[in-house]
Amino acid sequence: MILDPKQITVAYRCGGCGKTVFGMTGALARSGDMFKLKCDCGESALTIKTLPEGKVRISLPCVFCKNDHTFVVSKRLLMSRELFTYPCAYTGIDICFFGTEENVNDAVAESDEDLAELLTDEEREALQSMEDGDYAESDEHIRDMITLVLGDLNDENKIYCDCGVSKELVLENGVDYVEIACKRCGCKKMFYCSNSLSTEELFYADELHLYK
């Protein structure tokens with residue numbers, strides 16, 4: 001299902017006041033086009049910028065870890081899903097939402113309920129460990145992001161190995177990683193479901209090379 005670009009609802013958690021900000025995106029058809037959604041408090045804004053080769057870069061400050069999060073996905077991926085969310089890599093809590101108005105509203109409400117529960121126990125400990133510099137916590141949301149980006153690169157024939165453009169790929173999901181490998185030549189690459197450098201680089205990648 002390809003959504004009408006004028007009907008894409010966007011929401012994000014403000015890194016300043018903490019409330020959820022809602023808006024609507026435009027088509028962002030040309031490279032360099034930019035959409036910005038600001039919070040009324042003036043402390044934060046989510047920006048979406050169209051890049052070459054059908055990619056978009058999304059940037060926003062985080063209400064949880066107080067860092068700026070930036071990730072790159074294909075415009076086709078963003079427009080083809082009725083709900084697309086992106087979490088804080090350190091806490092696993094969604095901080096921005098894209099999709100139909102109904103699905104975004106439902107996801108925000110569900111996330112708010114989860115947050116209210118987590119902040120009373122496990123999440124408070126996670127936030128404390130984050131402040132102490134412990135960022136090794138695995139995240140199922142990051143696993144989903146890795147899988148989506150790998151699938152997108154594969155659809156675009158942008159994954160290469162010793163065979164050239166790899167056509168026989170297999171994914172292995174470990175406890176805290178996703179590994180992609182070519183069944184023919186054995187070239188592979190592993191991405192950890194945490195805030196690792198290789199995983200961050202994948203979200204920016206226009207292509208991927210596998211090695212033995």
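Student: Where does S44 lie?

Tutor: S44 sits in the loop between β3 (34–38) and β4 (45–50). Strands here are DSSP runs of E with at least two residues, helices are runs of H or I with at least four, and both are numbered from the N terminus. Keep in mind that this is a predicted model, where local features need pLDDT of at least 70, side-chain atom pairs count only at pLDDT 80 or more, and totals for chains, interfaces and linings use all residues. Residues are numbered from 1 along each chain as its sequence is written, and side-chain values use heavy atoms, with hydrogens and water left out.

Student: Why does S44 count as buried?

Tutor: Buried means under 20% relative accessible area, exposed over 50%, and partly exposed in between (1.4 Å probe, protein chains only). S44 has 8% relative accessibility, so it counts as buried.

Student: What makes the link between the side chains of S44 and Y12 a polar contact?

Tutor: A polar contact is a pair of N or O atoms within 3.5 Å; within protein, one must be able to donate a hydrogen and the other to accept it, and residues adjacent in sequence count only if both atoms are side-chain atoms. The S44 and Y12 side chains are joined at 3.0 Å, so the cut-off of 3.5 Å is met.

Student: Which residues does S44 touch, not counting those up to four places away in sequence?

Tutor: Y12, C14, G15, G16, K38, C39 and P61. Contact means heavy atoms within 4.5 Å. Y12 has its own list, again leaving aside neighbours within four places, including K19, L37, S44, L46 and I95.

Student: What is the largest nonpolar core made of, and which residues have the most contacts inside it?

Tutor: A nonpolar core is a set of buried Ala, Val, Leu, Ile, Met, Phe, Trp, Tyr and Cys residues joined through side-chain atoms within 4.5 Å. The largest has 51 residues, and Y12, L46, F71, V73, F98 and I146 have the most contacts inside it. Helix α4 (residues 140–155) gives the most to this core, with six residues.

Student: How do you know that β7 and β8 pair?

Tutor: Two strands pair if DSSP finds at least two bridges between them. β7 and β8 (residues 94–99) have five, in the antiparallel sense, so they pass that test. T85 has F97 in β8 as its bridge partner.

Student: What makes β7 mostly covered?

Tutor: In β7 (residues 83–87), four of the five residues are buried.
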